[in-house]
Structure formats: C-alpha cells, structure tokens
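Subject: The structure we talked about

Hi,

Here is the structure I promised to pass on to you. Have a look around it first, then read my notes below.

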Amino acid sequence: MKTVAVIGASNDRTKFGNKALRAFRNQGYKVVPINPTEAEVEGEKAYASVLDYAGEIDEATFYVNPRVGEKVLDDVASKKIAKVWLNPGADGPNVVARAKALGLNAVRACSIIGIGDSPSRY
C-alpha cells in the first residue's frame, strides 16, 4: 500500500485538500494529512509537517498556495518523497522552479484525476 501526504488537507469537504484525501483513501492509499492547524482530518491523525510523520511517504500532493508550497518543498525533499503532485493553483512558477532545483519528481497535474478518480465524486 502506498502512502500519500496530503499537504493542505482540511476538514472542509468543499476544499480540494479534503477531496484529495478521500479520493486517495478510496483508491487504496494510506493517507497522511499535513496541516499545522488541524489535529485530525476525516478521522486521520494530522501532522504539522511531513517530517513529523515517522513512516515512509511515497507521494505528496499539494493543496496550498504557492508561497506555502515553496517553503514545504524542503521538508518533502528531506523526507525523500519519490513523487510530488503540484495541483492547479499550487503550481506557481517559484514552486516549480524550487522543486526542480531540489531534484524532485514533480508532476504538474490534478492528483485526483491522476490516480483515476474524479473531484466531482467528492
């Protein structure tokens, strides 16, 4: 089972960070919500940073504004996360450039669609 960190996971079911968490879980992933202001998201323990999660993380999907995303990329690189989804709205030019500079395997696409699901289901 692959593990995905949902950066910007939220308890607001109208937000894509919440929809992504539910979509990845439905597709069989272990989900790790990353949000420094939430203790739990959709019944899953939330973490302030990917570095606070003790286990390995295979993928990270970004649902935060580019200013936040740019700062989080260093933690993602330190955690050696193999694949990084930069979703629409989170894929600002500075984020893309920083991901490239860090040597991350960054995919600029909607991760929900990328895993074979649809945001409209959530």
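Below is what I found, going from the whole chain down to single residues.

**The whole chain**

One thing to keep in mind from the start: this is a predicted model. The protein chain has four helices and seven strands. Starting at the N terminus, you'll meet them in the order β-α-β-β-β-β-α-β-α-β-α. How compact is the chain for its length? Its radius of gyration is 13 Å, and the globule rule gives 14 Å for 122 residues, so the chain is as compact as a globular protein of that length. If you'd rather picture a box, the C-alpha atoms fill one of roughly 35 × 30 × 25 Å along the principal axes.

Of the 122 residues, 48% count as buried. The chain exposes about 6,100 Å², with carbon and sulfur atoms supplying 49% of that area. Now take the contacts with a sequence separation of 6 or more: 61% of them are between residues 24 or more positions apart.

**The sheet**

Next, try tracing the sheet. In what order do the five strands of the open sheet sit? The order is 2-1-5-6-7, and the pairing is parallel. At the edges you'll find strand 2 (30–34) and strand 7 (106–108), each pairing on one side only. Neighbouring strands are turned against each other by 20° on average, ignoring direction.

Let's walk across from the strand 2 side. Five bridges hold strand 1 and strand 2 together in the parallel sense, and one place to spot this is I7, whose bridge partner in strand 2 is I34. On to the next pair: strand 1 (residues 3–7) runs parallel to strand 5, with four bridges between them. Here, V4 stands opposite E59 of strand 5.

Strand 5 is also joined to strand 6 (residues 83–86) by four bridges, again parallel. Look for A60 in this pair, as its bridge partner in strand 6 is V84. To get from strand 5 to strand 6, the chain goes through helix 2 (residues 66–78), and this β-α-β crossover is right-handed.

The last pair is strand 6 with strand 7, parallel over three bridges. L86 has R108 in strand 7 as its bridge partner. The chain crosses between these two strands through helix 3 (residues 93–101), and that β-α-β crossover is right-handed too.

**Strand 5 up close**

Which faces of strand 5 (residues 59–62) are covered? Both are: E59 and T61 are buried on one side, and A60 and F62 are buried on the other.

**Helix 1**

Helix 1 (residues 16–26) is mostly covered, with eight of its eleven residues buried. Those eight are G17, N18, K19, A20, L21, R22, A23 and F24. What do the buried residues of helix 1 pack against? Their neighbours are strand 1, strand 2, strand 3 (40–41), strand 5, strand 6 and helix 4. A bit of background helps when you turn this helix around on screen: an α-helix has 3.6 residues a turn, so residues three or four places apart point the same way. Just after helix 1, check out G28, which takes a positive phi of about 95°.

**Two residues to click on**

V107 is in strand 7. Why does V107 count as partly exposed? Its relative accessibility is 24%, and buried would need under 20% while exposed would need over 50%, so it falls in between. Leaving out residues up to four places away in sequence, V107 touches K83, V84, W85 and L86. V107 and W85 are 22 residues apart in sequence, and their C-alpha atoms are 4.9 Å apart in space.

S120 lies in the segment after helix 4 (111–114). Is S120 buried or exposed? At 68% relative accessibility, S120 counts as exposed, because the cut-off for that is over 50%. Then find K19 in helix 1, one of the buried residues there. S120 and K19 are 101 residues apart along the chain, and 8.8 Å separates their C-alpha atoms.

That's everything from me. Write back if you get stuck!

Cheers

Conventions. Residues numbered from 1 in each chain as written. Predicted model: local features only at pLDDT ≥ 70, side-chain atom pairs only at ≥ 80, totals over all residues. Heavy atoms only, no water. Buried < 20%, exposed > 50% of the residue type's maximum accessible area, 1.4 Å probe, protein only. Pairing = 2+ DSSP bridges. Right-handed = clockwise from strand over helix to strand, strands pointing away. Axes fitted to C-alpha atoms, helices over the stretch in contact; angles between N-to-C directions. Rg over C-alpha atoms; globule rule 2.2 N^0.38 Å. Contact = heavy atoms within 4.5 Å. Areas by Shrake-Rupley, 256 points an atom, 1.4 Å probe, with all protein chains shown as cover.
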